[in-house]
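Trainee: I should like to understand the reasoning behind the terms used for a structure such as this one. May I put some questions to you?

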Amino acid sequence: MSFRKEIKYRLSLSDQKILKNKLISVGLKKLYPKRKISSIYFDTKNLSFHLNSEEGVLPRKKIRIRWYDDNYKELTKETKISSIEGRYKISKPIIYKNFPDILKMQIIDKEYGILKPKILISYFRDYFILKKIRLTFDSEIKYKNLKSRYQLVKYEKECVMEVKSDFKVEEDYIQKLIEYPTSRFSKYSRGVQLTKLTQKI
C-alpha cells in the first residue's frame, strides 16, 4: 500500500491549452499515449459513497469497474480509499464473458452491503511527467445515468487536470509551477448531480 498526494484543477479548454504550453516550456514530457477511459461506478441504494464524498467523510471509498479504449475484455475492479493518512487504490482484474451483463452486476461490500451500477463515466486522458510530479489532463467527460429510464447523458463543460506525487513533494513547489486555484472535483459526484441521479426520472 502506497499513499500519494492528489491535487485537482478545473480548467476551461483555453486555460488547459495555455497551461500545457507553459509547462512544456519548462520540461513537461509525454508519459503515455492519450487513451479513452470508461468506468461504471457502484453505490448503495441511498448513494452512500456519493454522500460521503460530498460531506468529506474520512475514511471513505469509491468502487468502480474500469476499462480502456473500449477493450471490454480487460476489466479492472478498482477500490479508491481516502483516509486520514492519504489516498490509495486497490486494483483487481476481473473476467466478464458477456459485457452487457455487467450493468446487472451486484457487488457485496462488507461495510456497505449491496452495491449496484449507477453511472457510466467516460473521458479522454493525456499523461505527462514533469520532474517530480505526474500530470493528467482529462477532457470530453461524459456522464450516463444508468438508473434513469432513458439513461440520461450529460457532458462536462470543463476539463480536469490532476497532479499526482508522493508526500515528499512540497505543495509550494507545485504551486510555483501551476498558478491556478485547486479544486475539489469528483467525477462520480459531478455525474450524480448533472444527471439527477438522486431524483426519480
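Mentor: The questions and answers that follow concern a predicted model.

Trainee: Why is the contact of Arg-87 with Glu-6 called a salt bridge?

Mentor: The closest N and O atoms of Arg-87 and Glu-6 are 3.3 Å apart. The cut-off is 4 Å between a side-chain nitrogen of Lys or Arg and a carboxyl oxygen of Asp or Glu, so the pair qualifies as a salt bridge. Arg-87 belongs to strand β5 (residues 87-94) and Glu-6 to strand β1 (residues 5-11), so the bridge ties together parts that are 81 residues apart in sequence.

Trainee: Which of the terms buried, partly exposed and exposed applies to Arg-87, and why?

Mentor: Arg-87 has a relative accessible area of 31%. Buried means under 20% and exposed means over 50%, so Arg-87 is partly exposed. Its partner Glu-6 stands at 14%, under the 20% limit, and therefore counts as buried.

Trainee: What makes Glu-158 and Arg-10 a salt bridge?

Mentor: Their closest N and O atoms are 2.8 Å apart, which is within 4 Å, and therefore they form a salt bridge. Glu-158 is in the loop between β9 (153-155) and β10 (159-165), while Arg-10 is in strand β1, and the two are 148 residues apart. Both count as partly exposed, because Glu-158 has 27% relative accessibility and Arg-10 has 32%.

Trainee: How do you know that Asp-138 and Arg-125 are buried?

Mentor: Asp-138 has 1% relative accessibility and Arg-125 has 7%. Each value is under 20%, so both residues are called buried. Their side chains meet in a salt bridge of 2.7 Å, N to O, which links strand β8 (residues 133-145), the place of Asp-138, with strand β7 (residues 113-130), the place of Arg-125.

Trainee: How many salt bridges does this rule give, and which residues do shared partners join into one network?

Mentor: The count comes to 14 salt bridges. Arg-64, Arg-66, Glu-78 and Lys-89 are joined into one network by salt bridges that share partners.

Trainee: What makes a set of residues a nonpolar core, and which residues have the most contacts inside the largest one?

Mentor: A set is called a nonpolar core because its members are buried residues of the kinds Ala, Val, Leu, Ile, Met, Phe, Trp, Tyr and Cys, joined through side-chain atoms within 4.5 Å. The largest such core has 28 residues, and those with the most contacts inside it are Phe-42, Ile-65, Leu-75, Ile-102, Ile-121 and Tyr-188. Two or more residues each come from β2, β3, β7, β8 and α4, and β7 gives the most, with five. A second, separate core of 17 residues includes Leu-130, Ile-133, Met-161 and Leu-177.

Trainee: Which residues of helix α4 are buried, and what covers them?

Mentor: In helix α4 (residues 187-194), the buried residues are Lys-187, Tyr-188, Ser-189, Gly-191 and Val-192. Their cover includes β2 (29-43), α2 (48-55), β3 (60-68), β7 and β8.

Trainee: How many residues of each class line the largest pocket?

Mentor: The lining has 18 charged, 12 nonpolar and six polar residues. The pocket has a volume of about 760 Å³. Of its 36 lining residues, the closest to its centre are Glu-6, Lys-8, Lys-80, Arg-87 and Glu-162. Strand β3 supplies the largest share of the lining, six residues.

Trainee: Why are some backbone angles singled out?

Mentor: The reason is that most residues other than glycine have a negative phi, and most peptide bonds are trans. Leu-47, in the loop between β2 and α2, has a positive phi of about 60 degrees although it is not a glycine. Leu-47 is called buried because its relative accessible area is 8%, under 20%. Glu-140, in strand β8, also has a positive phi, of about 55 degrees. Glu-140 is called exposed because its value is 54%, over 50%.

Trainee: Where is there a cis peptide bond?

Mentor: A cis bond joins Leu-58 and Pro-59, with omega about -5 degrees. Pro-59 lies in the loop between α2 and β3.

Note on methods. Residues numbered from 1 in each chain as written. Predicted model: local features only at pLDDT ≥ 70, side-chain atom pairs only at ≥ 80, totals over all residues. Heavy atoms only, no water. Helix = DSSP H or I, 4+ residues; strand = E, 2+ residues; numbered from the N terminus. Buried < 20%, exposed > 50% of the residue type's maximum accessible area, 1.4 Å probe, protein only. Contact = heavy atoms within 4.5 Å. 1 Å grid on protein atoms, 1.4 Å probe; cavity = no way out; pocket = protein on both sides within 12 Å on 5 of 7 lines; lining within 4 Å. Points joined across faces, edges and corners; volume = space filled by probe spheres on them. Nonpolar A, V, L, I, M, F, W, Y, C, P; charged D, E, K, R; others polar.
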